[in-house]
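Visitor: I am new to this structure. Please take me through one part of it at close range.

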Amino acid sequence: MRLPQPTFHKVGSLKDREFEEFNVIAIPATFGTSAPEISKSPLIDQVLEYCGITREEFKKLFPEFQGKPSEVVRIPVAGHKTLVRILVVGHGDAGREASRKAGAALGRAIKGTGYRVLDTFTFAAKEDALAHIMAVSLSQYGWNLKSQDLSDKKVRAKGATQISFPSQYANEITRASIHVNAVWHTRDLIHTPANIKTPAWLGEQAKKLVRQRKSSALTVTIKSGRALAKFGGLRAVGNSSPTASPRLIEVSYAPIGSKNWPHVVLVGKGITFDTGGLSLKRPYDLMIPMKSDMAGAAAILTATVAMAEIKPQVRVTALLMCAENMISGTAQRPSDVITQYGGTTVEIINTDAEGRLVLADGLAYADLELNPDYLLDVATLTGSASLGLGKQYGAMFSRNTSLSARLHQIGESIGDRVWPMPLVDDYTSALASKVADLNHDASAQDFSAGSVTAALFLEKFVGERTWVHLDIAGPARSDSDSGEVIKGGTGFGPRLLIEWLASLS
Ligand code: BES
Ligand code: MN
Ligand code: ZN
């Protein structure tokens, strides 16, 4: 069960009396030239007049207030019969990151209250407004399966917070709601535990998300059983589970007349749980977060269905490579040789390097059958990816430097940040095998570059396509509840994908 998702509204000019319809009015304060001060805008002046406080009085009341984007203080409103709370939220230097952080601080202050909120922030750039509006919603996410939690029930009974923004940001409000719907859904899928979230269940969710859009441009087809005969990687990994058999979930956005539009194929790692297989994950604590090993598949799913709302002139096919990596009597063994889609043979060494096996099938299938103009995969692929970059950036691999520069730039703006990493040709020798075309865990030589050699393995399956690989093992999950995210699945990816796809038309 998730907490109620906030709803967005817009307001034009307000009369005095109408302020009383809000439970909370948020006003920004920037660093100013010498000291922090409440920002200037006609709407803010109106609010200050309404609540009977001047900027000077505010400074006296809160001498310690610095205007940092994480700061929130409440002005006591005297002499009013109403229950309006005035929150002053630091807006720092009022740039992109400060706007985002201030949005998250405000969202956290009103999370679970069910309040009607007026957010009077103003911005120098439309992108700052978009970042802010998204953060107000994303920071209010909550998910659990408690049956008895009374505080949660109370929160749900109060309903969704309703946040109003000045109507000058109407376009950003619309865009933000598309993005946050995608991220909220991605998080729901990631938080769902693996005893519920089988590959078949993910297929049902894909159908449900598509049905809800009521768009003839979206379709879902699901391959299972014999239809996966040529998908040797997906079968080798997925058949380890006696109960949750693998699925290839294909979701496409192809409006009438889209035949000659650019075709993007997205491939997502959809491991519903990663035990490591017979090469069991150790220490065992590392296994606990592994229900989130399908975060890449979730991201491409929600981004693709969002196309029905944005309607760009681009054709999108999402391939969700879904399997559970289990330990069982039918699990693959270290030393097995499998045949990937397209015929490449692969020697299995470490069954915990399962992601690249399911992705390789998806990439080869895309290359050989779908004729993509762009091929992009998203995967929680390697622990190494987050060793260098930490948890705030996804590792991006591509030979196409203008495309990776573009994705980097979009990511900085929209909030899903990716950093270019090198495909080091010298490391390819690590993929050599004596018994097959390749070994999959790059163990022929040790270059201590696990995310790079994983990317080089994937590249063997993309033919001549324009290809980008995003290793999101770091940013897909958060260890802490702060800013826009809660502990667990962050919903990293859809915002970047949506903006990029929209920019292709
Ligand atoms: N799902 C993991 C990668 C991962 C690790 C994601 C930590 C998120 C957090 C992947 O399947 C895996 O086990 N990768 C191995 C590869 C190795 C065996 C070559 C890794 O990174 O250790
Ligand atoms: Mn693994
Ligand atoms: Zn994995």
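Guide: What follows is a close look at the site of the zinc ion (ligand 3), then at one buried acid, Asp471.

This is a predicted model: local features need pLDDT of at least 70, side-chain atom pairs count only at pLDDT 80 or more, and totals for chains, interfaces and linings use all residues. Residues are numbered from 1 along each chain as its sequence is written, chains are lettered from A and ligands numbered from 1 in the order in which they are written, and side-chain values use heavy atoms, with hydrogens and water left out.

Start with the metal. Lys269 (NZ), Asp274 (OD), Asp293 (OD) and Glu354 (OE) coordinate the zinc ion (ligand 3), at 2.0 to 2.4 Å. Donors here are N, O and S atoms within 2.8 Å of the metal (3.2 Å for Na, K and Ca); water is not among the atoms, so sites may look incomplete. Along the chain, the donors follow the spacing K-x4-D-x18-D-x60-E.

Now the geometry. The site has six donor atoms, with angles of 79 to 173° among them, and is octahedral. That word means six donors with opposite ones over 155 degrees apart and all others between 65 and 115. Ideal angles for six octahedral donors are 90 or 180 degrees.

A second metal joins in. The manganese ion (ligand 2) is 3.1 Å from the zinc ion (ligand 3), and Asp274 coordinates both. Asp274 sits in strand S10 (residues 263-274), while Asp293 sits in the loop between S10 and helix H9 (295-310), so the pair ties together parts 19 residues apart in sequence. Helices (H or I, at least four residues) and strands (E, at least two) are DSSP runs, numbered from the N terminus.

Both acids are buried: Asp274 has a relative accessible area of 3%, and Asp293 has 2%. Buried means under 20% relative accessible area (1.4 Å probe, protein chains only); exposed is over 50%, and partly exposed is in between.

Finally, look at Asp471, in strand S18 (residues 467-471). Asp471 is buried yet has no salt bridge. A salt bridge is a side-chain nitrogen of Lys or Arg within 4 Å of a carboxyl oxygen of Asp or Glu. The nearest side chain of opposite charge, Arg356, is 7.4 Å away. Leaving aside neighbours within four places in sequence, Asp471 is in contact (heavy atoms within 4.5 Å) with residues including Thr382, Gly394 and Ser451.

Key. Tetrahedral: all angles 85-135°; square planar, octahedral: opposite > 155°, others 65-115°. Lys, Arg positive; Asp, Glu negative; His and termini not counted.
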